Amino acid sequence: MFLDLKPVEGRVVPFGGMGKGKITSIGKVGIPSLASIHNVLYVEGLRCNLLSISQFCNNGYIVSFNKDTCIVKTKDDKSLFTYR
């Protein structure tokens, strides 16, 4: 969920297979008063959310993986979310 969103013009992001998507906005996503990631791009026509691991790490979160699970935690070891 975007917590704020600001329009941008003239930017694109490349996809695999030579495709490109138009970036229409940049903003902050997260859960109010719990956690957020800044400078997230909104790409026109993209049907799924793509967040980079480096964005989480650069924002101070701890990301860990094992065979079946990805866990993102806050600096004080509180679980933000788990993906299975």
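How many bridges join β5 to strand β6, and in which sense do the two run? Four bridges join them, and the strands run antiparallel. Keep in mind that this is a predicted model, with a chain average pLDDT of 87. Here's a quick tour of β5 with its partner strands, then of two residues, K6 and T24, that touch each other.

**Confidence**
- Of the residues in the chain, 100% score a pLDDT of at least 70.
- Among the chain's elements, β4 comes out with the highest mean pLDDT, at 94, while β6 has the lowest, at 85.

**β5 and its two partners**
- Strand β5 covers residues 70–73, and β4 covers residues 62–65.
- β4 and β5 pair in the antiparallel sense, with four bridges between them.
- If you want a spot to look at in that pairing, go to V63, whose bridge partner in β5 is V72.
- Four residues make up the link in the hairpin that joins β4 to β5.
- For β6 (residues 79–83), a spot to look at is S79, the bridge partner of K73.
- β5 and β6 also form a hairpin, this one with five residues between the strands.
- In the turn of that β5–β6 hairpin sits D77, which has a positive phi of about 70°.

**Two faces of β5**
- Side chains alternate along β5.
- C70 and V72 point to one face and are buried.
- I71 and K73 point to the other face and are not buried.
- Put the pairing and the faces together: V72, the bridge partner of V63, is on the buried face, whereas K73, the bridge partner of S79, is on the other one.

**K6 and T24**
- K6 lies in strand β1, which spans residues 2–14, and T24 lies in strand β2, which spans residues 20–31.
- Is K6 buried or exposed? K6 is exposed, because its relative accessible area is 54% and the cut-off for exposed is over 50%.
- T24 has a relative accessibility of 18%, so it counts as buried, the cut-off being under 20%.
- Setting aside neighbours within four places in sequence, K6 is in contact with T24, S25 and I26.
- With neighbours within four places left out again, T24 is in contact with K6, P7, V8, Y42 and E44.
- K6 and I26 are 20 residues apart along the chain, and their C-alpha atoms are separated by 5.4 Å.

Methods:
Residues numbered from 1 in each chain as written. Predicted model: local features only at pLDDT ≥ 70, side-chain atom pairs only at ≥ 80, totals over all residues. Heavy atoms only, no water. Buried < 20%, exposed > 50% of the residue type's maximum accessible area, 1.4 Å probe, protein only. Contact = heavy atoms within 4.5 Å. Pairing = 2+ DSSP bridges. pLDDT = per-residue confidence, 0-100.
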